[in-house]
Amino acid sequence: PLSGSNGGAFFGGAGNLIDLGMASDHYLSCANGVNGGAASAGTRALLFDDGGDDVYMAGLCDTGNSGEGNGGGGGGVGLLVDPAGNDYYYSARFGNGGGDAGGIGILADATGNDRYHGGLINNGAGNHQDGLGIIGDTQGNDYYRADGDGANYGAGNGAGLWAGQGVLIDSAGRDRYVAGM
């Protein structure tokens with residue numbers, strides 16, 4: 001699998017993907033630093049999609065090593081912005097606005113009934129070494145689910161772990177939050 005794809009960054013790089021169309025798009029990947037995710041120190045990543053009912057899936061073939069997807073920051077700064085649509089976000093680890101190892105991960109979604117589903121350190125969670133994770137959604141009836149890694153722990157939905165800081169802000173709607181399932 002390719003690391004640093006779909007507007008992601010890896011090994012000190014910078015990635016940008018800007019889609020100004022209103023069609024429904026699919027961003028799928030198995031690797032590190034994808035879909036606006038920054039997977040190593042010094043990296044910067046941006047994925048901006050202007051509209052449509054989009055699907056973002058990172059870490060599809062998770063081998064325990066794929067992460068920093070969907071605006072996740074693992075040492076770098078990852079940003080995913082989607083202002084409109086009923087969107088679905090899935091990240092196996094360190095994604096959906098998750099921050100790890102001093103990185104900053106940001107996922108910002110403005111409108112729509114969105115679904116956020118993550119494994120380990122996801123949905124605005126921050127992990128060790130001052131990782132900062134931020135997820136913000138301004139409108140819609142949204143669903144947040146953080147499963148963990150299936151064996152040890154999860155830390156999701158705005159949680160902080162091992163000196164990390166997590167932030168989840170949802171401004172409006174009838175929302176549902178599920179963790180540790």
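Modeller: Let's walk along the chain first: from the N terminus on, the elements run β-β-β-β-β-β-β-β-β-β-β-β-β-β. Keep in mind that this is a predicted model.

Colleague: Okay, so how many helices and strands does the protein chain come to?

Modeller: Zero helices and 14 strands. As for its extent, the C-alpha atoms fill a box of roughly 35 × 30 × 25 Å along the principal axes.

Colleague: What share of the residues is buried?

Modeller: Of the 181 residues in the chain, 51% are buried. The accessible surface comes to about 7,200 Å², and carbon and sulfur atoms hold 54% of that.

Colleague: Now the rings. How do I describe a pair of aromatic rings?

Modeller: You give the distance of the centres and the angle of the planes. This structure holds five such aromatic pairs. Take Tyr-89 and Tyr-116: their ring centres are 4.9 Å apart and their planes sit at 5°, so the pair is stacked.

Colleague: Which parts of the chain does that pair link?

Modeller: Distant ones: Tyr-89 belongs to strand S7 (residues 88-95) and Tyr-116 to strand S10 (residues 115-122), 27 residues apart.

Colleague: And is Tyr-89 buried or exposed?

Modeller: Buried means under 20% relative accessible area. Tyr-89 has 0%, so it is buried. Tyr-116 also comes out at 0%, so Tyr-116 is buried as well.

Colleague: What about Tyr-144 and Tyr-177?

Modeller: They form an aromatic pair too, with 5.0 Å from centre to centre and 5° between the planes, and it is stacked. Tyr-144 lies in strand S12 (residues 143-146) and Tyr-177 in strand S14 (residues 176-179), so this pair ties together parts 33 residues apart in sequence.

Colleague: How do Tyr-144 and Tyr-177 count for burial?

Modeller: Tyr-144, at 0% relative accessibility, counts as buried, whereas Tyr-177, at 45%, counts as partly exposed.

Colleague: Which residues form the aromatic cluster?

Modeller: Tyr-27, Tyr-56, Tyr-89, Tyr-116, Tyr-144 and Tyr-177 form one cluster. The four tyrosines we just talked through are in that list.

Colleague: Back to the whole chain. Of the contacts between residues at least 6 apart in sequence, what share joins residues at least 24 apart?

Modeller: That share is 80%.

Colleague: Last one: how many positive and negative charges are there?

Modeller: The chain has 6 positive and 20 negative charges, and their mean positions are 8 Å apart.

Conventions
Residues numbered from 1 in each chain as written. Predicted model: local features only at pLDDT ≥ 70, side-chain atom pairs only at ≥ 80, totals over all residues. Heavy atoms only, no water. Phe/Tyr/Trp six-rings, centres within 6.5 Å; stacked < 30°, edge-to-face > 60°. Helix = DSSP H or I, 4+ residues; strand = E, 2+ residues; numbered from the N terminus. Buried < 20%, exposed > 50% of the residue type's maximum accessible area, 1.4 Å probe, protein only. Contact = heavy atoms within 4.5 Å. Areas by Shrake-Rupley, 256 points an atom, 1.4 Å probe, with all protein chains shown as cover. Lys, Arg positive; Asp, Glu negative; His and termini not counted. Charge placed at Lys NZ, Arg CZ, Asp CG, Glu CD.
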